[in-house]
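Welcome! Please take a moment to look over the sequence and the structure shown here, and then read on for a short guided tour.

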Amino acid sequence: MKPAISVGVALMTAGTIVVACGSGSSGEKGFAVVDAAGGGGSDGTGGGGGGGGADGFGGPADGNVSFGDAGSPAPVEAGPPIPVVYAHSPDTLYRLATTNDQVAVVGPFTGGCSSVIDIAIDSSSNAYVTTDTDLWRLDLQTAACTHIATGTYPNSLSFVPKGTLDPNVEALVGYDGSTYIRINTTTGAVQNVGALTGGYTSSGDIVSVIGGGTFLTVKGGSENCDDCLLQIDPATGDLVQDYGSVNHADVFGLAFWAGTAYGFDDSGQVFSISWANGKLTTTDIPVPNPPPNLEFWGAGSTTSAPPTAADGGGIPVQ
């Protein structure tokens, strides 16, 4: 979870963040409450799951199977992405404005979801969250959950771009330890896709960007990581390259914007992960006055986030 700051309310308008100073009131001491978070479906509900076939995975009967992963049959068309990433504690949704590293509370989760273990956001800012036993749609404006299915779900979650696992839609994926899985957003059905080799296991989160890389925080490997950042192949779930340590353990939340990754760990620390002089550089993001025992359990960002900085720099990908 993120240490609370006495930031003002961050208001989103047409891709611009306006931060108004002031303490505000919130369910988390020291955080300002966001009045309007932006994103979500056109009706403000965070989007819906797509249609599927009788087997729960969708697609025609000839075997050309296609998941209903990216929302409704008529996908929500989003405008330019707003420079913001999301994170959460077990019971509260937060967001971080990447233009100034300011943090605000969106609100406590409502609608029945509790002990939320991760969040994923597609290219149109349709959001989904998981608990150990359930899959939910999430409204990014209000933190309201809508139940989709009951099952067993991972604590690392992201969408990967259309054309990676399905030619027609983005796919919702995650890791169960080192097993790479795919989740149908309409039915909640889970399918094994591949595996992460090299002795690594997911520490807590995956994030993917259209036109960029797919990244995962891990433990293990030859370095005995605790934690390291990997680039992984989103088609197979296997290792592409190991960037090394992020100097934080239990990084259960990972987001990305414009060439920089953002980590959120179980001790409530927030930090950026950038590339300088041929190696990862982590920089703590101060969040004063956190609520007691703040801990982050997940984070996410839209797959339409810029893959590099304006100058073309960022974490290198293969």
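## The largest cavity

About 40 Å³ of space lies in the largest cavity of this predicted model. The structure holds one cavity of 30 Å³ or more. There are 13 residues lining the largest cavity, and those closest to its centre are Leu-157, Ser-158, Ile-206, Gly-300 and Ser-301. Rolling a probe the size of a water molecule over the atoms is what reveals empty space of this kind.

Which strands each supply at least two residues of the lining? They are β6 (118-121), β10, β14 (200-208) and β22 (298-300).

## A closer look at Ser-301

One of the residues closest to the centre of the cavity is Ser-301, and you will find Ser-301 in the segment after β22. Is Ser-301 buried or exposed? Its relative accessibility is 4%, so Ser-301 counts as buried, the cut-off for buried being under 20%.

What does Ser-301 touch, leaving aside its neighbours within four places in sequence? Its contacts are Val-85, Ile-121, Val-207, Ala-255 and Phe-256. Take Ile-121 as an example: along the chain, Ser-301 and Ile-121 are 180 residues apart, yet 5.7 Å separates their C-alpha atoms.

## A sheet of four strands

Strand β10, which helps to line the cavity, also belongs to an open sheet of four strands. The order in this sheet is β10-β11-β12-β13, and the pairing is antiparallel. At the edges sit β10 (157-160) and β13 (190-195), each of which pairs on one side only. On average, neighbouring strands of the sheet are turned by 35° against each other, with direction ignored.

In general, the strands of a sheet pair through backbone hydrogen bonds, and the pairing may be parallel or antiparallel. To see one such pairing here, look at β12 (residues 179-183) and β13, which pair in the antiparallel sense over five bridges. Thr-179, for instance, has Ala-195 in β13 as its bridge partner.

## The chain as a whole

Now step back to view the whole chain. How many helices and strands does the secondary structure come to? The count is zero helices and 22 strands. The chain has 318 residues, and 53% of them count as buried.

Among contacts between residues at least 6 apart in sequence, 57% join residues at least 24 apart. As for the outside, the chain exposes about 11,900 Å², and carbon and sulfur atoms supply 50% of that area.

Conventions. Residues numbered from 1 in each chain as written. Predicted model: local features only at pLDDT ≥ 70, side-chain atom pairs only at ≥ 80, totals over all residues. Heavy atoms only, no water. Pairing = 2+ DSSP bridges. Axes fitted to C-alpha atoms, helices over the stretch in contact; angles between N-to-C directions. Buried < 20%, exposed > 50% of the residue type's maximum accessible area, 1.4 Å probe, protein only. Contact = heavy atoms within 4.5 Å. Areas by Shrake-Rupley, 256 points an atom, 1.4 Å probe, with all protein chains shown as cover. 1 Å grid on protein atoms, 1.4 Å probe; cavity = no way out; pocket = protein on both sides within 12 Å on 5 of 7 lines; lining within 4 Å. Points joined across faces, edges and corners; volume = space filled by probe spheres on them.
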